[in-house]
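Reader: I'm new to this one and would like a close look at a single part, the nonpolar core. Could you walk me through it and show me how it fits into the rest?

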Amino acid sequence: MTWSQVDRDELLIRSGKDPFVRFATSHELVAVAGPHGWACASPWRPGSCHWGGAAVVGPDAPADAETAALRAIALAAPDLALEWFSTEDGRELALPPAYLGTGSGRWSFMWCERTAAAVDPAGLSAQGLELVELADDADADLLDAFGRTHGEDPYMGFPGHGFASLWLAARDEVGQIVAVGALHELGSGMPHLAGLVVRPELRGQGIGALLTEALTARAVQEAGVSTLSVFSSNAGAIRLYERLGYATAHRFLTRELSRAGHPA
């Protein structure tokens, strides 16, 4: 299969304005297209940071189509340090000699362009909760401690790293935070939902859904779209996002990468 290098405008056409291309890639991308599909690499974060990529091909594509696409990208940008590369789940991928695989995961990329959600859902006040904004820098320690204690360690909301354009928290009557979530800015400039954590003893009461609703509404209000990535196995979360107006663009098998000869 022959892959030809294309720019972002051409890639949008060749991909049928694919949501991943539209919302998660910038004009800095390195992209190729061919008769069976397309592939690209683009900075995930602003400032040309944390490059990742994806290949999407049709069902009639050769088994090595994505392998050839990644090699074409690596040839076009030999100094590029990709940190991850995705294919549709179930597709094969052999890495170019310049890269080593350091792990993998199955993720769904979702997007929402229309929402009837409220920026400040009334359901929060009905539960005695107040929605407040927190600062990525000044409140970084508070956010990180909350995320690590009640969610994951390390906390993938990355407070204090400059990734978040907005932090929202739900706070109870005595001022205690019960849930937090963020909108990160992608390298494309689009918002990406991240870092949602609810105190374990309060889960199942709809607080996470209401906070997600508020973050989504703010993103769509300000940028016309909200995007997110979620583990493909998290059926409950995916159902929630679908109720809020999200659709799944891709179910990716994502390979984590490092350059050969460099520490992971």
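**A look at the core**

Author: Let's start with the outside and work inwards. The protein chain exposes about 12,100 Å², and carbon and sulfur atoms supply 50% of that area. Keep in mind that this is a predicted model. The C-alpha trace spans about 60 × 40 × 30 Å along its principal axes. A compact globule of 264 residues would have a radius of gyration near 18 Å, and the chain has 19 Å, which agrees.

Now for what's inside. Buried residues make up 50% of the 264 residues. Nonpolar side chains tend to be buried together in soluble globular proteins. Here, the largest nonpolar core has 28 residues, and Ile 207, Tyr 241 and Tyr 246 are the ones with the most contacts inside it. Several elements feed this core with at least two residues each: the strands β6 (99-112), β8 (164-171), β9 (177-185), β10 (191-198) and β11 (226-231), plus the helices α6 (207-223) and α7 (235-243). Helix α6 gives the largest share, seven residues. For the wider setting, the whole chain comes to seven helices and 12 strands.

Zoom in on Ile 207 next. Leaving aside its neighbours within four places in sequence, Ile 207 is in contact with Leu 124, Gln 127, Leu 129, Ala 170, Val 178, Ala 179, Val 198 and Leu 202. Apart from the core we've been looking at lies another one, of 21 residues, with Val 57, Ile 73, Ala 77 and Leu 257 among them. Across the chain, if you take contacts with a separation of 6 or more, 67% are between residues 24 or more positions apart.

Two threonines make a handy side trip. Thr 102 is found in strand β6, and it counts as partly exposed because its relative accessibility is 39%. Thr 102 and Leu 80 are 22 residues apart in sequence, and their C-alpha atoms are 17 Å apart in space. Thr 67, on the other hand, has its place in helix α3 (residues 65-76). Thr 67 has 8% relative accessibility, so it counts as buried. Setting aside neighbours within four places in sequence, Thr 67 is in contact with Glu 92, Leu 93 and Ala 94.

One last thing, about charge: the chain has 19 positive and 32 negative charges, and the mean positions of the two sets are 6 Å apart.

Terms used. Residues are numbered from 1 along each chain as its sequence is written. This is a predicted model: local features need pLDDT of at least 70, side-chain atom pairs count only at pLDDT 80 or more; totals for chains, interfaces and linings use all residues. Side-chain values use heavy atoms; hydrogens and water are left out. Helices (H or I, at least four residues) and strands (E, at least two) are DSSP runs, numbered from the N terminus. The radius of gyration is taken over C-alpha atoms; the globule rule is 2.2 Å times the number of residues to the power 0.38. Buried means under 20% relative accessible area, exposed over 50%, partly exposed in between (1.4 Å probe, protein chains only). Contact means heavy atoms within 4.5 Å. Accessible areas come from the Shrake-Rupley method with a 1.4 Å probe; for residues, only the protein chains shown count as cover. Lys and Arg count as positive and Asp and Glu as negative; His and the chain ends are not counted. The place of a charge is taken as NZ of Lys, CZ of Arg, CG of Asp or CD of Glu. A nonpolar core is a set of buried Ala, Val, Leu, Ile, Met, Phe, Trp, Tyr and Cys residues joined through side-chain atoms within 4.5 Å.
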